[in-house]
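This report describes the strand and helix arrangement of one protein chain and then turns to its aromatic contacts. The sequence and coordinates are shown below.

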Amino acid sequence: MKIVIFGANGPTGRQATEQAVAAGHTVTAVTRRPDAFPLAGSPLVRVVGADVHDPVAVDAAVAGQDAVLSALGVPFGRKPVTVYSAGLTHITRAMAEHGVGRLVCVTSTSVSGQESPSDGLLFRKVVEPGIVRFVGRTVYQDMRRSEEIVRRSDCDWTILRPAGLFDTAAVSAYRMSAGPRLPGRFTSRADLANALLRQAVDDCDPRAVVEVRTLEGLPSMIDVIRREAFGGGRTD
């Protein structure tokens with residue numbers, strides 16, 4: 001397949017690019033920092049320098065593709081966030097213009113509004129609401145806007161909702177479900193990237209919201225919160 005990945009220079013985007021290339025797919029990797037993209041040497045990777053706020057650049061990247069993956073991301077902060085909503089607005093419009101049907105994008109389990117079915121009272125009533133309403137408020141607000149944009153589009157979309165993200169060296173036997181909120185607090189980026197690629201290639205859950213959870217090798221919640229809250233800039 002010919003796959004375009006937005007947010008390709010972020011941790012999940014790089015994993016998705018590596019896995020796609022390993023499977024023999026051709027990848028257009030979209031990033032604001034093309035000179036810093038580590039996978040530019042592969043003959044199956046075309047690196048495009050573009051910002052998702054630029055509709056002309058997004059249109060050019062989407063043209064001729066078989067599927068679109070969005071691994072866009074920003075850290076928590078106080079400033080208003082528009083990366084998700086503006087990016088998915090321009091992506092879905094470009095897809096309609098060029099007849100590209102398949103879209104798989106990432107938001108977060110925290111936008112679901114449902115409590116985790118397996119966590120204790122402290123996490124459900126204090127920790128997670130505090131992250132959603134205060135620490136990550138602007139990020140989650142824009143994620144919700146982007147989900148509405150995707151749902152209103154005519155494309156064959158799937159929204160992936162991971163839990164707290166962390167890094168691992170390999171894909172695990174993770175769980176993926178389009179049903180109610182899954183138990184578990186964590187999703188590895190390797191597993192999330194694999195889920196992105198599986199959804200695009202196999203067309204697993206069209207027009208559905210899918211939760212992704214990692215079941216093994218899990219970090220502590222404090223480490224994930226610290227890393228996600230203070231871990232750097234935009235990942236596209």
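In this predicted model, helix α6 (residues 189–202) lies across β1, β4, β5, β6 (156–162), β8 and β10 (208–213). The helix runs at about 165° to β5.

The strands that α6 crosses belong to an open sheet of 8 strands with mixed pairing, in the order β3-β2-β1-β4-β5-β6-β10-β8. Its edges are formed by β3 (45–49) and β8 (175–177), each of which pairs on one side only. On average, and with direction ignored, neighbouring strands of the sheet are turned by 20° against each other.

Within the sheet, β1 (residues 2–6) and β4 (residues 67–70) run parallel and are joined by 4 bridges. Ile5 has Leu69 in β4 as its bridge partner. Helix α3 (residues 83–98) also packs on the sheet, where it touches β1, β4 and β5 (102–106); the direction of α3 makes about 170° with that of β5.

A search of the whole structure for aromatic pairs finds 1. The pair consists of Phe166 and Phe186 in an edge-to-face arrangement, with 6.2 Å centre to centre and 85° between the planes. Phe166 and Phe186 are 20 residues apart, and their pair links distant parts of the chain. The two residues are located in strands β7 (residues 164–166) and β9 (residues 186–188), respectively.

The relative accessible areas of both residues are listed here.

| Residue | Relative accessible area | Class |
|---|---|---|
| Phe166 | 3% | buried |
| Phe186 | 7% | buried |

Phe166 is classed as buried because its value of 3% falls under the 20% cut-off.

Definitions and conventions: Residues are numbered from 1 along each chain as its sequence is written. This is a predicted model: local features need pLDDT of at least 70, side-chain atom pairs count only at pLDDT 80 or more; totals for chains, interfaces and linings use all residues. Side-chain values use heavy atoms; hydrogens and water are left out. Two strands pair if DSSP finds at least two bridges between them. Axes are lines fitted to C-alpha atoms, for helices over the stretch in contact, and angles run from 0 to 180 degrees between N-to-C directions. Contact means heavy atoms within 4.5 Å. Rings of Phe, Tyr and Trp (its six-membered ring) pair if their centres lie within 6.5 Å; planes under 30 degrees apart count as stacked, over 60 as edge-to-face and the rest as tilted. Buried means under 20% relative accessible area, exposed over 50%, partly exposed in between (1.4 Å probe, protein chains only).
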